Each structure stands twice: as structure tokens, then as C-alpha cells.
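Got a model to walk through, one question at a time. Have a look at it first, then we'll dig in.

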Amino acid sequence: MAARNQLLKACIFATGLAGIVAEYVMATLASYLMGDSVRQWTLTVSLMLFAMGVGSRLSRRFRRRLLDAFVAVELLLSLLCASAALLTYTLAVWIEPVSMVVYPLAFAIGLLIGLEMPLATRLNDYYEELRINISSVMEKDYYGALLGGLLFAFLALPYLGLTYTPILLGTVNFAVAAALFWQFRSQLARPRFFTLAFAALTLLLAALLLLARPIVLYAEQSRYRDLVVYQEQTPYQKIVITRWKNHHWLYLNGAEQFSSYDEERYHEPLVHPAMKAAAARHQVLILGGGDGLALREVLKHPEVEAVDLVDLDPAMTRLGRNHPVLLQLNQEAFEDERVTVVNQDAYAFLDESSQIYDVIIVDLPDPKSVELARLYSLEFYSLASRQLAQGGVLVTQATSPLFARRAFLCIYKTMGEAGLSTAAMHNHVPTMGEWGWVVGIKGPPLSSEQVRERLLELDFQDLSTRYLDRDALHTLLYFGKDTFRDLEAIEVNRQMSLRLQRYYQGGDWDLY
């Protein structure tokens with residue numbers, strides 16, 4: 001009896017582990033496919049918790065054959081958890097919006113998880129009195145949840161990704177069902193049925209293991225117009241590289257970062273006006289830019305003595321160092337002895353660093369999530385300004401002044417609120433559309449017109465550029481009269497009120 005009690009508790013521990021990982025898998029999947037990770041994590045986990053409550057209530061209807069019910073629940077969970085990601089990827093090709101796939105699956109998994117605990121508690125009632133039974137079951141479930149969270153964060157997602165983590169998760173539920181079946185087979189009402197179910201599920205799990213990568217590749221390919229030549233799910237983002245003819249595109253979480261067809265129209269305006277306008281160019285900080293293309297442009301300035309490149313995702317900087325496509329594009333910039341790579345959150349880096357820089361280049365993804373919007377906040381720019389030398393320059397990519405005009409103006413206004421003298425720039429990048437940047441100079445206050453006049457005096461003849469010259473710079477610095485309308489009504493983006501994300505999401509991206 002003691003051995004059976006221990007086996008049941010071990011199964012409860014395993015179900016706690018599997019349950020929390022199932023929530024994380026579905027929330028991560030929702031974040032990747034639909035964007036806005038904070039909202040999707042909140043909605044998906046909340047939905048699953050609600051479904052667990054519904055499942056707990058439904059467990060009242062099971063009055064007998066509790067062991068059969070518990071084993072059946074574990075087998076269903078094994079089936080759903082193992083196939084959820086692949087099923088979502090596949091159905092997303094034909095079903096829009098993808099939330100019509102993700103949320104029902106999340107609800108179904110949550111419902112089954114909610115059935116587990118009441119059934120396990122009632123099964124354990126045979127071995128322990130109520131006072132000990134409740135605490136013992138909950139204890140093992142919570143301990144399993146802790147281990148599941150650690151495994152998901154540090155092992156499963158980084159190394160198995162969303163391709164194989166769900167299959168591993170389904171295997172855990174399968175193992176729980178198999179252990180109970182083996183130990184308590186004589187007590188099951190329908191042992192033959194479960195024998196066939198185990199055989200069928202074993203074949204299905206094996207098939208999923210073999211077909212997972214082709215299915216994911218097919219689904220990924222359907223999301224992009226061009227051939228997918230590289231993909232990787234990291235703990236932070238989904239990295240995809242596509243190819244069309246001799247050109248390549250880089251996507252992070254489905255959002256285009258650059259195309260080799262015209263990337264110089266983005267990276268040269270991002271880097272060179274700021275570098276030339278700075279009083280000095282000895283110490284440079286790049287926040288983001290793990291592909292190394294902005295770094296390539298920075299290293300064209302002979303005065304540069306040291307460059308710190310800070311990118312959260314080590315997979316991205318590793319790709320910049322090693323992938324043939326990126327190596328060719330960035331001209332092996334990471335091999336330059338002046339370059340130091342730091343894999344850390346940009347905000348945390350600025351908060352902890354005491355280094356003073358002549359130029360700070362912010363080459364981060366668009367502020368489409370809370371995590372990214374805070375990297376365009378007043379507090380962030382104030383930290384950056386604190387680490388700028390007098391006469392130093394901060395430049396940031398500022399999304400599209402056409403498709404997300406209010407977001408662009410919010411970044412412009414927020415940088416000015418941080419005490420920097422600012423000017424806006426824009427350029428047409430054929431593969432991205434109209435794109436913008438904001439340049440801020442630290443020093444005596446200057447009007448936007450004065451900053452613009454200072455930039456117009458710059459010359460790039462000593463640099464090897466493909467697009468940018470003095471004439472091109474003139475086109476970058478002038479806007480139509482409608483761009484800055486209602487600037488006064490735009491709110492500053494602050495940590496405690498991230499208006500920028502709202503402005504960005506309210507943009508005309510449907511026309512993009």
C-alpha cells in the first residue's frame with residue numbers, strides 16, 4: 001500500500017510539472033503567433049486558469065471508476081499537449097485569426113488539467129485522512145510546478161523550442177498514465193480499452209516526433225512569401241531568415257528587421273549622421289543590432305576606439321558572428337578587436353553601467369509590446385543621456401512616421417523631454433516602407449531647426465557608403481507639413497504609463 005501511495009504522489013508531482021509547462025507552451029505560442037507577449041500571456045494563462053476551474057467543477061460528476069477517469073484524463077492530456085503546437089502551426093495556415101485555434105486548445109488543455117487535481121485528491125483519500133491528503137496533494141503539485149517552470153525556462157524552450165517541448169510534455173502525461181495502468185491494472189474497469197489506447201498513443205507520439213520538424217517548417221513557410229532558409233526559437237524570440245533570389249530577409253517574431261536588398265537605406269541613416277554630429281567618436285554603444293549591420297557602419301569611422309554592443313538574445317549575436325548570410329552582410333564586424341558583445345537587457349545595462357559614451361545607437365525592434373515600449377520611455381532616454389558625454393549623440397530607430405505617425409511623434413517628444421536637443425529623420429526603404437529616426441544631442445539647448453541645420457552641415461565623403469551622401473541627407477531631414485500636426489496632444493512615454501504601445505498598435509499597419 002505504501003508503494004502505491006508513493007507512486008500516486010509521484011504522478012501528482014509529474015502532473016503539476018506538466019500542467020505548468022502546458023500553460024507556458026500555449027502562452028509562448030500565442031505570443032509568437034499573435035504578438036504582444038504581455039497581453040497574450042495574460043489572456044492565455046487566465047483562460048487556462050478559468051478552464052481549470054470549470055474542469056474542477058465537472059469533476060463532481062465522476063462518482064465511480066475514478067482511476068479509469070484519471071488515466072483517461074492523462075491520456076487525453078498527452079494527446080492534446082503533444083499535438084497542440086503542431087496542430088496550431090498547421091491550422092494557422094488556413095484559419096484566421098489564429099486566436100480561433102490557440103484559445104480553444106488552451107481552454108481544452110486547461111479543462112483537463114482542472115480535472116486532474118480533484119480526481120487525484122479523491123484517489124489519494126484511500127491512503128490518507130483528509131487533513132493530510134489535501135496538503136500532500138497540493139504540496140506535490142506545487143513542487144512539480146516549480147520544477148516545470150525551471151525546466152521550461154532553462155532547458156526545454158532554449159534547446160527543444162516549440163517544436164519538441166510539447167511532445168516531451170505529452171510524454172510526461174503518457175508516463176503518468178502508463179505508471180498507474182501498470183500498477184493498478186487489476187482495478188481498472190476497462191483494461192483492454194486502455195491497452196489499445198496506449199498502443200495507439202505510442203504510435204502517435206512516435207509519428208509526431210518524426211514529423212514535427214517538417215510540419216513546423218511547412219507552417220513557417222506559409223507565413224512568409226519567400227523561402228525560409230533558417231529558423232530558431234529562442235527564449236526571447238523567433239528568428240527567421242528567408243531568401244528571394246540573391247537577397248535575404250531577417251524576421252524577429254514575424255516582424256521584418258531588414259532586407260539585404262536595401263538595408264543600407266536603413267542602417268546608414270541610423271548610424272552616420274549621429275556619428276558625424278557627435279563631438280567625438282571614440283566610445284560607442286549599440287543597443288540591439290545583434291545582426292551586426294549597424295556595427296559594420298560604426299566601424300567605418302577610424303576614430304572609434306571601442307564599441308559595446310548590447311543585445312538581449314545570445315542566439316542573435318551568435319548568428320551575427322557565425323551565419324554565412326549575416327557574416328557576408330556585416331563584413332565580419334564582430335571579429336574586430338574593438339568590439340565587446342554583452343548579452344543583457346538594454347535597460348538593465350544602462351542602469352548598471354558607469355561608462356560614458358560619445359554615441360549611443362538604439363537599434364531595437366518596434367515598440368509593439370510592453371517590454372519593448374519601456375526601451376523607448378522617458379526613463380530609458382534619461383539613463384542613456386546620463387551616460388552620454390557632453391556633445392554626445394543618441395539616435396534611435398523610431399518606427400514609421402507614415403504607418404505609425406503618433407508612435408513616431410511620441411518617441412520624438414519623449415527624447416526631447418529627457419533633455420536632449422532633437423531632430424527627426426525619415427527615409428523610404430522599399431522593403432519596409434517609410435521609416436524614421438530621432439537624433440538627440442546632449443549639450444546646450446537647441447531648437448529642432450538648429451539641430452537640423454547642424455546636421456545639414458555634415459559631409460560623408462570620407463566614408464564608404466552605398467546610399468548616404470550630403471544630398472540624401474537633405475531628403476532625410478525634411479517632412480511634409482502633416483507629419484507633426486497635433487504634436488502637442490501626444491503624450492510622453494513613461495514607465496508607469498506606456499502610451500507608446502497604444503499609439504503603435506493604433507497605427508495604420510493594415511496598409512503596410
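Q: Which residues does Glu264 touch, not counting residues up to four places away in sequence?
A: Quick heads-up: this is a predicted model. Glu264 has its place in helix α7. Leaving out residues up to four places away in sequence, the residues Glu264 touches are Pro269, Arg466 and Tyr467.

Q: Is Glu264 buried or exposed?
A: The cut-off for buried is under 20% relative accessible area. Glu264 has a relative accessible area of 11%, so the label is buried.

Q: Why is α7 largely enclosed by the rest of the structure?
A: Helix α7 covers residues 264-277, which is 14 residues. It is largely enclosed because, of those 14 residues, the number buried is 13.

Q: How many Å does helix α7 reach from its first C-alpha to its last?
A: At 1.5 Å a residue, the expected figure for the 14 residues of α7 is 20 Å. The model comes close to that, with a reach of 19 Å.

Q: Which residue in β2 stands opposite Tyr230?
A: Strand β1 (residues 227-233) runs antiparallel to β2, and six bridges join the two. A hairpin of four residues makes the connection from β1 to β2. Across that pairing, the residue in β2 opposite Tyr230 is Ile241.

Q: What is the bridge partner of Trp244 in β3?
A: β2 also pairs with strand β3 (residues 247-252), again in the antiparallel sense, over six bridges. These two strands form a hairpin with two residues between them, and Lys245 in the turn has a positive phi of about 55°. The partner of Trp244 in β3 is His247.

Q: How many of the seven residues of strand β2 are buried?
A: Strand β2 spans residues 238-244. It is largely enclosed by the rest of the structure because the buried count among its seven residues is five.

Q: What share of the residues in the protein chain count as buried?
A: Zooming out, the chain has 17 helices and 11 strands, and its C-alpha atoms fill a box of roughly 90 × 50 × 45 Å along the principal axes. About 22,500 Å² is exposed, with carbon and sulfur atoms supplying 58% of that area. Of the 512 residues, the buried share is 56%.

Q: How many Å apart are the centres of the positive and negative side chains?
A: The protein chain carries 45 positive side chains and 53 negative ones. Take the centre of each set, and the separation comes out at 11 Å.

Note on methods. Residues are numbered from 1 along each chain as its sequence is written. This is a predicted model: local features need pLDDT of at least 70, side-chain atom pairs count only at pLDDT 80 or more; totals for chains, interfaces and linings use all residues. Side-chain values use heavy atoms; hydrogens and water are left out. Buried means under 20% relative accessible area, exposed over 50%, partly exposed in between (1.4 Å probe, protein chains only). Accessible areas come from the Shrake-Rupley method with a 1.4 Å probe; for residues, only the protein chains shown count as cover. Lys and Arg count as positive and Asp and Glu as negative; His and the chain ends are not counted. The place of a charge is taken as NZ of Lys, CZ of Arg, CG of Asp or CD of Glu. Two strands pair if DSSP finds at least two bridges between them. The expected span of a helix is 1.5 Å times one less than its number of residues. Contact means heavy atoms within 4.5 Å.
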